[in-house]
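This report concerns a protein chain with a bound ligand. The sequence and the three-dimensional structure are shown first.

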Amino acid sequence: MQKQSLSLIILAAGKGTRMKSDLPKVLHKVANREMLNLVIDAAKTLNPKNITLVVSKDVLAYQNDIKSHHPELDLRFVLQKEKLGTGHATKAAIEKMGQDIADKCLILYGDTPLISSKTMTQIISNLDVCDVCIAAFECVNANMYGRLIVDKQGNLQKIVEFKDANDSEKKINLCNSGIMAINGKKISGLVNKINNNNNSQEYYLTDIVDIATNSNLTVSYSKVSELEVLGVNSKVELSQIESLKQDSLRQEMMQNGVTLIDPKSTFLSFDSKIGKNCIIYPNVFLGNGVEIGDNVEIKSFSHIENAQIGKNCIIGPFARIRPQSKIADDCKIGNFVEIKKANIGIGTKINHLSYVGDCDIGKNSNIGAGTITCNYDGKNKYKTTIGNNSFIGSNCSLIAPISIGDDCLIGAGSVINKDVDNGDLAIARSKQINIKDGVKKLSKNKY
Ligand code: UD1
Ligand code: MG
């Protein structure tokens, strides 16, 4: 796809003091993905020429990790040493880009992760008819956003920060989302004129509206949904954004034909994939990297992370499927079963109370209740292999490393520490002795 002549600038150097967290604000997760990565995900759908991120020292330390999530992009990081305001941050990005500034620029915030490509496109398209376009929204509740001052003809004059606004300006309900598109050929000249003559002694990017108007450039605003431009400043706001994101992921799933019996109690991740005709029962958690095939039922209280589940499976209730697990088609993983780093072949059933870790199991095998793969000796992890059509009786301990072949039968209650060949029966438990009238004899102290 051809790149747009578009430069994206993501401002993400703010301190995030109100998060009261050791982790930088923009690295807090929403739907299991860092907010900054979500913004980059949205940004790259526009296929821009370049993306520049203005970050603090704390975020810069994560730059390789962030880049690894977007290997196809050439992300440029700029350190903003002193937080002197959004205007100052934008200037740092422009200086970093040098000659690489495209014809159109879009400013995004690293803490505003719900922005959609449709809305960004809407704002950018205004640059065909003006030099600066602000994404604005009508607010219902009181808030501290900057206010758009519009004259009687409906022309945007300037933006006043809430803390600098007078009483009548504070009553205006047209707010600045912070997202704005700027003509790439004009941005440098405009940003260089921003000063810090205001109550906070900060360089406000929003001043470029006033500067542009006074330089006979055209400015405009475009209304967007408040829900898409909500920012995160505290853990409470993070939870509100999480809930909005979850709602939109759930809607998308249901529109694609997944039945969520109780959507509010289904937790999804940004990358969850669920096939057709699946039914997700109440209280299910899907962590990162979950792919579920068609016709699967995930029953209540199941917790699944980084795992692939094939078609026609029934999982749970109360199943825990941990990372690096692959469950093939037609499997049943029942209650209180934990699967970790395991390949489970087609049609295999592990129905109750088992731990299966570091394990390969073939097709159509049956793992009885309470079976444990003993994979860890306190120092190292070892592998268990079970072939096709084997039956492991209930309450067996399989001491790894161990290999059990095809068509094997393992007697219930066995502790197995020697390999079992194809077709063999293995029993490893103490022999039972039945003593005739033993109960009576015992009570008469005959032993
Ligand atoms: C800003 C806008 C305000 C708007 C609001 C929307 C200005 C002056 N004000 O205010 O009109 O209603 O956003 O949320 O632009 N940042 C830096 N470096 C800095 C300062 C900020 O990178 O020196 C980044 C922050 O990480 C954040 C974004 O810029 O992603 C906005 O900064 P923030 O301090 O939250 O601005 P607001 O006061 O909310
Ligand atoms: Mg803010």
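The text below treats the ligand site, the salt bridges, the nonpolar core and one cysteine. The model is a predicted one.

**Ligand site**

The shell around ligand 1 consists of 20 residues, and the closest of them are Gly-14, Gln-80, Thr-86, Glu-161 and Asn-176. By class, nine residues of this shell are polar, eight are nonpolar and three are charged.

Oxygen atoms of ligand 1 take part in contacts with both side chains and backbone. Thr-86 places a polar side-chain atom 2.7 Å from an oxygen atom of ligand 1. In the case of Glu-161, an N or O atom of the side chain lies 2.7 Å from an oxygen atom of the ligand. Asn-176 contributes through its backbone, where a polar atom is 2.6 Å from an oxygen atom of ligand 1. On its own, ligand 1 would expose 750 Å², of which the protein buries 84%. Two or more residues of the shell come from each of β1 (6-12), α4 and β10 (174-183).

**Salt bridges**

The model contains 16 salt bridges. Three of them are set out here.

| Pair | Closest N to O distance |
|---|---|
| Glu-72 and Lys-44 | 3.1 Å |
| Arg-76 and Asp-74 | 3.9 Å |
| Asp-100 and Arg-76 | 3.1 Å |

In the pair formed by Glu-72 and Lys-44, the side chains meet at 3.1 Å. Because Glu-72 belongs to the loop between α3 (63-68) and β5 (75-79) while Lys-44 belongs to helix α1 (residues 35-44), this pair ties together parts that lie 28 residues apart in sequence. Glu-72 has a relative accessibility of 51% and therefore counts as exposed. Lys-44, at 22%, counts as partly exposed.

Arg-76 takes part in a salt bridge with Asp-74 and in another with Asp-100. The second of these links distant parts of the chain: Asp-100 is in the loop between α4 (86-97) and β6 (104-109), Arg-76 is in strand β5, and the two are 24 residues apart. What is the relative accessibility of Arg-76, and is the residue buried or exposed? The value is 18%, so Arg-76 counts as buried. Its partner Asp-74 is exposed, at 54% relative accessibility, whereas Asp-100 is partly exposed, with a relative accessible area of 29%. Elsewhere, shared partners join Arg-33, Asp-41, Lys-44 and Glu-72 into one network of salt bridges.

**Nonpolar core**

How many residues make up the largest nonpolar core, and which have the most contacts inside it? This core has 45 residues, and Ile-309 and Ile-315 are those with the most contacts within it. The elements that supply two or more residues to the core are helix α9 (235-255) and the strands β16 (284-286), β20 (307-309), β22 (319-321), β25 (337-344), β27 (355-361) and β33 (402-404). Of these, β25 gives the most, with four residues.

**Cys-133**

Cys-133 is part of strand β7 (residues 132-138). With a relative accessible area of 0%, Cys-133 is buried. The separation between Cys-133 and Gly-257 is 124 residues in sequence and 38 Å in space, taken from C-alpha to C-alpha.

Conventions:
Residues are numbered from 1 along each chain as its sequence is written. Chains are lettered from A and ligands numbered from 1 in the order in which they are written. This is a predicted model: local features need pLDDT of at least 70, side-chain atom pairs count only at pLDDT 80 or more; totals for chains, interfaces and linings use all residues. Side-chain values use heavy atoms; hydrogens and water are left out. A salt bridge is a side-chain nitrogen of Lys or Arg within 4 Å of a carboxyl oxygen of Asp or Glu. Buried means under 20% relative accessible area, exposed over 50%, partly exposed in between (1.4 Å probe, protein chains only). A residue is near a molecule or strand if one of its heavy atoms lies within 4 Å of it. A polar contact is a pair of N or O atoms within 3.5 Å; within protein, one must be able to donate a hydrogen and the other to accept it, and residues adjacent in sequence count only if both atoms are side-chain atoms. Accessible areas come from the Shrake-Rupley method with a 1.4 Å probe; for residues, only the protein chains shown count as cover. Ala, Val, Leu, Ile, Met, Phe, Trp, Tyr, Cys and Pro count as nonpolar, Asp, Glu, Lys and Arg as charged, and the others, Gly among them, as polar. A nonpolar core is a set of buried Ala, Val, Leu, Ile, Met, Phe, Trp, Tyr and Cys residues joined through side-chain atoms within 4.5 Å.
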